Structure formats: C-alpha cells, structure tokens
Amino acid sequence: MPVPPDGTLVVKASSSDEVNKPVLTVTGTGFGALTGAGTAASPASASFPAIAAPSTITVTSARGGSATSAVSVAGAALVATLPVAVFTAPNTVSAGQPVVLDGTPSTGGPLTYSFTQLSGPAVALSGATTSIATFTPTVAGSYVIQLVVAGPVPPSLVSVPVSRTITVTPAAATLKANAGPDQTKQRGTLVTLDGSATVGARSLAWTQTAGPAVTLSSASAAKPTFTYPLMSLPTAPVGAVNPFYAVSNQPLTFLGTATGVDGSTTSTDTVVVSPLAESITGVTARYRTGRGGWRVTGTTSILAGQRVTVVLGPLVTGRTIGTATVDPAGAFSVRAGASPDPRVPTPDASQVTVVSQTGGIATAGLTITR
C-alpha cells in the first residue's frame with residue numbers, strides 16, 4: 001500500500017477460511033469492512049481517518065470469528081497545541097482614565113499571563129501577571145501593550161505574542177453643567193433654554209421639575225425651545241361660580257443634566273423661567289339696576305391681545321360676569337347683561353376681580369346705580 005497520510009489508521013487481516021473467504025470488518029464507530037481476498041497470501045485491508053489512534057482494534061469475520069490486536073503508532077511525534085493569547089482593551093481613552101486589559105478570552109489553560117508595555121510613555125501595569133491588568137495613563141500618546149500566555153505542562157508551551165494599541169487623548173475638561181441664567185418671559189411667547197456653556201459633556205438632558213407642564217422642542221439639544229403657556233381663566237358660564245378655579249402663575253423650573261465622556265459621571269444645573277409680571281390698572285366696575293347691565297373697563301401693562309375675565313367679588317372663584325380681549329392699546333371693556341345680580345344674595349357685592357391670560361390679577365370696587 002502507498003504511505004498513508006498522517007492521522008490514518010491502516011488495518012490488514014486474513015481469515016483461516018480460505019475457501020469461503022468471508023468478509024472481514026473492523027468493529028467500532030467510524031470503521032467498516034476490509035477489502036481484498038482476506039487470505040494469508042492476499043490479506044484484506046482498509047484505511048480509516050483517526051484523529052487519535054485507539055489502543056486496540058477488533059476484526060470480525062462474516063463466518064463468526066474475531067480477533068483483537070494492539071495498534072502501533074508510526075510517523076512523526078504528536079505536537080501539543082499552543083495556547084492562544086487574546087485580550088481586550090479600549091481603543092481610545094482620556095488621560096487620567098483607567099485602562100482595563102482583559103486577557104480572560106485567552107485559550108489553552110490553565111494559563112499563566114504576562115502583560116508588558118512595548119512603547120509609549122512609561123506606565124505601571126497593575127496585575128501584569130494576572131488575567132486582568134490595569135494602568136492609568138497621565139500623558140497623551142500611543143501606548144502599545146503585549147500579552148503572552150503559557151500553558152501549564154510543559155513550560156515551553158508559550159503563545160504567540162499579541163499586542164494592542166491604546167490611544168490616549170488629552171484629559172477632558174472638568175464636567176460642569178450650565179443651564180443658563182434665569183429668565184423672565186411673557187406668557188404666550190417662545191422661550192429658549194441655553195445649555196451651550198456646559199463643558200466636558202458628552203450629552204445633555206433636560207427635564208422639567210416645576211410649573212405648568214410644557215413640551216420642549218428637544219430633550220437633548222443644547223438650546224431647546226417651548227412656548228410659555230397662557231394662564232387659564234375662570235370657565236364657568238355667566239352668572240355661575242367658579243368653585244374649582246385656582247390661579248396657576250408659578251415659574252417654570254428645568255434641570256439640565258450633563259453626562260461626561262466616560263458615560264457615567266454627571267453634573268446638574270437648574271434654570272428658572274418666571275412669567276413677566278402684568279399690571280392691571282384703572283379698573284372701573286358699574287352695575288345699573290334700572291337698565292340692568294354690567295360695564296367693567298381697565299388697562300393692562302402687556303399689550304398682547306390676551307383675554308381677560310371678570311368675576312363678581314374679591315375672590316377668583318366668584319360668579320362670572322364676562323370676558324373681553326385686550327386691544328392694541330392695552331385697554332379692555334367687558335359689557336354684560338343683568339346676570340349676575342350683585343344685590344343677590346344680600347348684602348350687595350362691593351368688588352369685582354379681573355383675571356388675565358398673561359398672569360395679571362386685580363380687584364376693584366363696584367358701583368351700583370339705577
């Protein structure tokens with residue numbers, strides 16, 4: 001037979017029954033029948049692939065006989081598989097940021113480890129002979145680290161060296177969130193928050209923490225916008241009370257949260273946006289009993305075309321008299337019919353209250369005439 005390739009089991013056998021020449025078979029998984037006459041003069045044979053040679057084989061005859069024989073190994077000696085060094089490390093870090101070198105993915109263990117620095121500003125490797133080593137660079141530059149692992153027996157089973165390059169950039173600026181200065185804005189107008197003065201951040205996130213809810217144009221932009229909401233007015237029909245109405249004129253508060261380049265360090269800052277104060281002055285209120293009707297006039301300091309509602313009494317929960325729109329000069333005039341009657345129930349009401357969508361509130365005396 002020609003010389004078999006490495007990793008091949010060659011079997012030759014013959015039967016004493018040279019008359020019937022029974023089929024001879026190698027028993028066991030991965031083996032099979034031999035080919036040939038199977039006589040002493042012309043033995044049957046076959047070759048089978050074998051990753052590892054068995055210590056013995058058994059050949060059986062189709063006529064019932066069998067024989068077991070030891071296996072001899074020929075050819076070059078087996079070579080042990082070398083361990084493989086593998087380690088993970090970040091590609092880029094900032095100066096002052098710890099670097100972790102993780103050699104646990106290496107194979108062929110149990111292993112011994114050896115991390116060494118090949119180039120770059122000198123650093124002290126902590127845990128250089130363990131599976132996980134660390135160092136903290138303080139200078140920007142390119143750092144090359146090498147790992148070699150060795151198997152337990154024999155000591156000469158050493159891996160091929162593997163190296164990684166870690167780029168260290170200058171230290172990032174100290175993280176500090178800046179949500180911008182507090183602001184005063186008129187209700188109904190566009191407001192811009194400004195976190196552009198934040199330093200050392202990878203990202204910025206905005207959340208509202210107080211005041212009537214608003215919708216930001218973006219929760220992560222440096223300069224998100226929103227429209228300052230108008231203040232709600234008493235909504236009960238003319239002549240009805242507003243028992244559940246409450247003035248909502250508090251400032252809006254926003255929290256800016258900056259996240260550092262490491263993805264975990266954070267810094268926060270708060271900005272307060274207050275509504276522009278509105279003055280309602282010159283209010284006159286008259287109710288005519290004989291002719292039956294209301295007239296309430298006045299002016300506001302915000303000339304924005306906002307609406308105002310007038311209620312009877314010194315409280316914003318009083319009975320609704322009517323609503324009007326402020327003209328370009330800041331004046332308003334509410335005209336209404338006989339309801340509500342300020343004389344019912346007694347005693348006569350003596351005041352009215354004006355509420356504006358832009359946050360103004362004023363109380364004025366009431367004159368009742370015929």
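Asp341 and Arg343 form a salt bridge in this predicted model, with the closest N and O atoms 3.0 Å apart. In general, side chains of opposite charge can pair when their charged atoms come close. Arg343 has a relative accessible area of 33%, so it counts as partly exposed.

Stay in this part of the chain for a moment, and look at the peptide bonds. Ser339 and Pro340 are joined by a cis peptide bond, with omega at about 0°. Pro340 belongs to the loop between strand S22 (331–336) and strand S23 (351–356). Another cis peptide bond joins Thr346 and Pro347, and here too omega is about 0°. Pro347 is likewise placed in the loop between S22 and S23. These bonds deserve a look because most peptide bonds are trans.

How many salt bridges does the model hold in total? The count comes to 2. Besides the pair of Asp341 and Arg343, there is a salt bridge between the side chains of Asp17 and Arg63, at 3.7 Å from N to O. This pair links distant parts of the chain, with the two positions 46 residues apart: Asp17 sits in the loop between strand S1 (8–13) and S2, while Arg63 sits in the loop between S4 and S5. Arg63 counts as exposed because its relative accessibility is 59%, and the cut-off for that class is over 50%.

The loop between S1 and S2 has another residue to visit. Lys21 lies in that loop, and its phi is near 50°, a positive value in a residue other than glycine. Most residues other than glycine have a negative phi. Is Lys21 buried, exposed or partly exposed? At 44% relative accessibility, Lys21 counts as partly exposed.

From these loops, move on to the strands they lead into. S2, S4 and S5 form an open sheet of 3 strands in the order S2-S4-S5, and the pairing is antiparallel. Strand S2 (24–26) and strand S5 (66–70) stand at the edges with a single partner strand each, so one side of each is left without a neighbour in the sheet. From one strand to the next, the twist averages 25°. S2 pairs with strand S4 (residues 56–61) in the antiparallel sense over 3 bridges. To find this pairing in the model, start at Val26, whose bridge partner in S4 is Val59. As you follow a strand, remember that in a regular strand the side chains alternate between the two faces of the sheet.

Further along the chain, strand S17 (residues 266–275) offers two pairings to compare. With strand S16 (residues 252–260), S17 pairs in the antiparallel sense over 8 bridges. Thr253 marks one point of this pairing, since its bridge partner in S17 is Val272. The hairpin of S16 and S17 has 5 residues between the strands, and within this hairpin Gly263 takes a positive phi near 80°. With strand S12 (residues 183–185), S17 pairs in the parallel sense over 3 bridges. Here Gln183 stands opposite Val273 of S17.

Next, look at a loop residue of another kind. Ser159 is found in the loop between strand S10 (141–150) and strand S11 (162–169). With a relative accessible area of 5%, Ser159 is buried, as this falls under the 20% cut-off. What is Ser159 in contact with, leaving aside its neighbours within four places in sequence? The contacts are Pro83, Val84, Ala85, Val148 and Val149.

Now step back to the whole chain. Its secondary structure comes to 0 helices and 24 strands. The C-alpha trace spans about 145 × 60 × 30 Å along its principal axes. The radius of gyration is 46 Å, whereas a compact globule of 370 residues would have a value near 21 Å. Buried residues make up 35% of the 370 residues. Among contacts with a separation of 6 or more, 60% are between residues 24 or more positions apart. The accessible surface of the chain comes to about 19600 Å², and 56% of this surface belongs to carbon and sulfur atoms.

Methods: Residues are numbered from 1 along each chain as its sequence is written. This is a predicted model: local features need pLDDT of at least 70, side-chain atom pairs count only at pLDDT 80 or more; totals for chains, interfaces and linings use all residues. Side-chain values use heavy atoms; hydrogens and water are left out. Two strands pair if DSSP finds at least two bridges between them. Helices (H or I, at least four residues) and strands (E, at least two) are DSSP runs, numbered from the N terminus. Axes are lines fitted to C-alpha atoms, for helices over the stretch in contact, and angles run from 0 to 180 degrees between N-to-C directions. A salt bridge is a side-chain nitrogen of Lys or Arg within 4 Å of a carboxyl oxygen of Asp or Glu. Buried means under 20% relative accessible area, exposed over 50%, partly exposed in between (1.4 Å probe, protein chains only). The radius of gyration is taken over C-alpha atoms; the globule rule is 2.2 Å times the number of residues to the power 0.38. Contact means heavy atoms within 4.5 Å. Accessible areas come from the Shrake-Rupley method with a 1.4 Å probe; for residues, only the protein chains shown count as cover.
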